[in-house]
Amino acid sequence: QVQLVESGGGLVQAGGSLRLSCAASGINFSLTGMGWYRQASGKERELVARISSTGSTYYADSVKGRFTISRGNAGNTLYLQMNSLNPEDTAMYYCAARRLTTNTYAYWGQGTQVTVSS
């Protein structure tokens, strides 16, 4: 059974930082592409950043230069370091894992709320 459990969200002032973590189990983590998505109230879910099994990364333009995605294969954990946060970053953040056979995001965590006050 695949489980993705996010943590690290919270309330932070604009300009502050947070580090999100996603603990994964039930998947071959080192072989799995992972991603962070977010969904703000009233908006569609959007990709924030993704990282391949080999460490290649991609960032949405809105977070490039401020957020860093990384993975700790030894601990089966995905991270998202978020710096210079602004109120537009307020959203529920979700961890996602690709299914190896289809290479699509098939597994999702429950989300962790990030709220940035101005």
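For sorting residues by type, Ala, Val, Leu, Ile, Met, Phe, Trp, Tyr, Cys and Pro count as nonpolar, Asp, Glu, Lys and Arg count as charged, and the others, Gly among them, count as polar. With that in hand, the lining of the largest pocket in this predicted model splits into 2 nonpolar, 2 polar and 5 charged residues. The pocket itself has a volume of about 150 Å³. Its walls are made by Arg38, Gln39, Ala40, Lys43, Glu44 and Glu46, together with Glu88, Thr90 and Ala91.

Arg38 is a good place to start looking around. This lining residue sits in strand β4, which covers residues 34-39. Arg38 counts as buried because its relative accessible area is 6%, and the cut-off for buried is under 20%. Its side chain has two acidic partners to look at: one polar contact goes to the side chain of Glu46 at 2.7 Å, and another goes to the side chain of Asp89 at 2.9 Å. Setting aside neighbours within four places in sequence, Arg38 is also in contact with a list of residues that includes Glu44, Val48, Phe67, Glu88, Ala91 and Tyr93.

Asp89 turns up again from another direction. Arg66, in the loop between β6 (57-59) and β7, touches Asp89 as well as Gln81, Met82, Asn83, Ser84, Leu85 and Asn86, leaving out residues up to four places away in sequence. Arg66 has a relative accessible area of 15%, so it too falls under the 20% limit and is classed as buried.

Next come the strands. In a regular strand the side chains alternate between the two faces of the sheet. Strand β1 (residues 3-7) shows this pattern: Leu4 and Glu6 point to one face and are buried, while Gln3, Val5 and Ser7 point to the other and are not. β1 runs antiparallel to strand β3 (residues 18-25), with 5 bridges joining the two. Within that pairing, Val5 has Ala23 of β3 as its bridge partner.

Strand β7 (residues 67-72) alternates too, with Phe67, Ile69 and Arg71 buried on one face and Thr68, Ser70 and Gly72 pointing to the other, where they are not buried. Phe67 is also among the contacts of Arg38. On the pairing side, β7 and strand β8 (residues 77-82) are antiparallel and share 6 bridges, and Ile69 is matched with Leu80 in β8. The hairpin of β7 and β8 has 4 residues between the strands, and Asn76 takes a positive phi near 50° there.

A second hairpin is built from β9 and β10. Strand β9 (residues 91-98) pairs with strand β10 (residues 105-108) in the antiparallel sense over 3 bridges, and the bridge partner of Ala96 in β10 is Trp108. Here 6 residues lie between the strands, and Asn103 takes a positive phi near 60°.

Finally, Val114 belongs to strand β11 (residues 112-117). Val114 is buried, since its relative accessible area is 0%. Not counting residues up to four places away in sequence, Val114 touches Gly9, Gly10, Leu18 and Leu20, along with Met82, Asp89, Thr90, Ala91 and Tyr93. Two of these, Thr90 and Ala91, are also in the pocket lining, and Asp89 is the residue whose side chain meets that of Arg38. Leu80, the partner of Ile69, is 34 residues from Val114 in sequence and 12 Å away in space, C-alpha to C-alpha.

Definitions and conventions:
Residues numbered from 1 in each chain as written. Predicted model: local features only at pLDDT ≥ 70, side-chain atom pairs only at ≥ 80, totals over all residues. Heavy atoms only, no water. 1 Å grid on protein atoms, 1.4 Å probe; cavity = no way out; pocket = protein on both sides within 12 Å on 5 of 7 lines; lining within 4 Å. Points joined across faces, edges and corners; volume = space filled by probe spheres on them. Buried < 20%, exposed > 50% of the residue type's maximum accessible area, 1.4 Å probe, protein only. Polar contact = N/O pair within 3.5 Å; in protein donor to acceptor, adjacent residues only side chain to side chain. Contact = heavy atoms within 4.5 Å. Pairing = 2+ DSSP bridges.
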